[in-house]
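Hi,

Here's the structure I said I'd pass along. Have a look at it first, and my notes come right after.

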Amino acid sequence: MTTIRPLAAGNWKMNGLTASVAEIAAIAEAAAREAGGADVLICPPATLISAACSAAAGRIAIGGQDCHARASGAHTGDISAEQLKDAGASFAIVGHSERRADHGESDEVVRAKAEGALRAGLTAIVCVGETHLQRESGQTLAVVGAQLAGSLPHGGKATNLVVAYEPVWAIGTGLTPTLADVAEVHNFIRHELIDLLPGEGAAVRILYGGSVKPANAAELMAVENVNGALVGGASLTAKDFLGIASVYK
Ligand code: PGA
């Protein structure tokens, strides 16, 4: 069995002003003590990446929530992976379901973004997950399998790629799949990764995301092939996020 160091990751989405950097400082200060068994990452909005990196002082990682596929050019409002890296980020989330839905990002677009992240020397966190309708109609594994086949970057390795399984219907709703359902999908993703990335797939981290809270983190993180969490709402305060990350104390 490969030993995989877990990743406790927070996705702040479109939340956070300068004053919120104090939460990142508090997380960074406590990370080694409270979550020493995991890598810890916060992905604040791009406006805060530089300040977040200063506050983190290398004690936790800082990441972006999206990146453009290209390194530079005439793309008003977009941010390249190179620019995230320059601001101090070491990770970029790509293909979050909110980006897929709000910005019409296809698997092809997500793959190009993930390849942009790798090109810049960032670790890409590629998100996949089914909608409620897809789960209800028994398509979960087919949907997740197609997203993996279509979105994973060429050149993905255990050291520069993370997959996040986030059922769309579990994000921000307080709902989570049963532990058996989480296990089924994570085991499926592991098999797909081994097929798609020979020699690497067995060690790529697979995060669970969707309504992870301090109260359910321990049981979710104990599921086979769950190698950490991608946390939205509960990552906005140091107290709640550390309550999750401390599963890896
Ligand atoms: P949530 O979001 O923890 O607020 O459900 C998770 C995510 O979208 O990454």
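Below is what I found, going from the whole chain down to a couple of backbone spots.

First off, keep in mind that this is a predicted model.

Overall build: the protein has 10 helices and eight strands. Its C-alpha atoms fit a box of roughly 45 × 45 × 35 Å along the principal axes. The radius of gyration is 16 Å, and a compact globule with 249 residues would come in near 18 Å, so the two agree.

Packing: 52% of the 249 residues are buried. If you take the contacts with a separation of 6 or more, 72% of them join residues 24 or more positions apart.

Surface and charge: the accessible surface is about 10,600 Å², and carbon and sulfur atoms hold 55% of that. On the charge side, there are 18 positive and 25 negative charges, and their mean positions sit 6 Å apart.

Now for the backbone spots. Two residues caught my eye while I was going through the phi angles. Lys13 has a positive phi, near 55°, and isn't a glycine. You'll find Lys13 in the loop that runs between strand 1 (7-11) and helix 1 (21-34).

Asn225 is another non-glycine with a positive phi, about 65° here. Asn225 belongs to the loop between helix 9 (214-221) and strand 8 (228-231). Is Asn225 buried or exposed? Its relative accessible area is 18%, and the cut-off for buried is under 20%, so Asn225 counts as buried.

Cheers

Technical notes
Residues are numbered from 1 along each chain as its sequence is written. This is a predicted model: local features need pLDDT of at least 70, side-chain atom pairs count only at pLDDT 80 or more; totals for chains, interfaces and linings use all residues. Side-chain values use heavy atoms; hydrogens and water are left out. Helices (H or I, at least four residues) and strands (E, at least two) are DSSP runs, numbered from the N terminus. The radius of gyration is taken over C-alpha atoms; the globule rule is 2.2 Å times the number of residues to the power 0.38. Buried means under 20% relative accessible area, exposed over 50%, partly exposed in between (1.4 Å probe, protein chains only). Contact means heavy atoms within 4.5 Å. Accessible areas come from the Shrake-Rupley method with a 1.4 Å probe; for residues, only the protein chains shown count as cover. Lys and Arg count as positive and Asp and Glu as negative; His and the chain ends are not counted. The place of a charge is taken as NZ of Lys, CZ of Arg, CG of Asp or CD of Glu.
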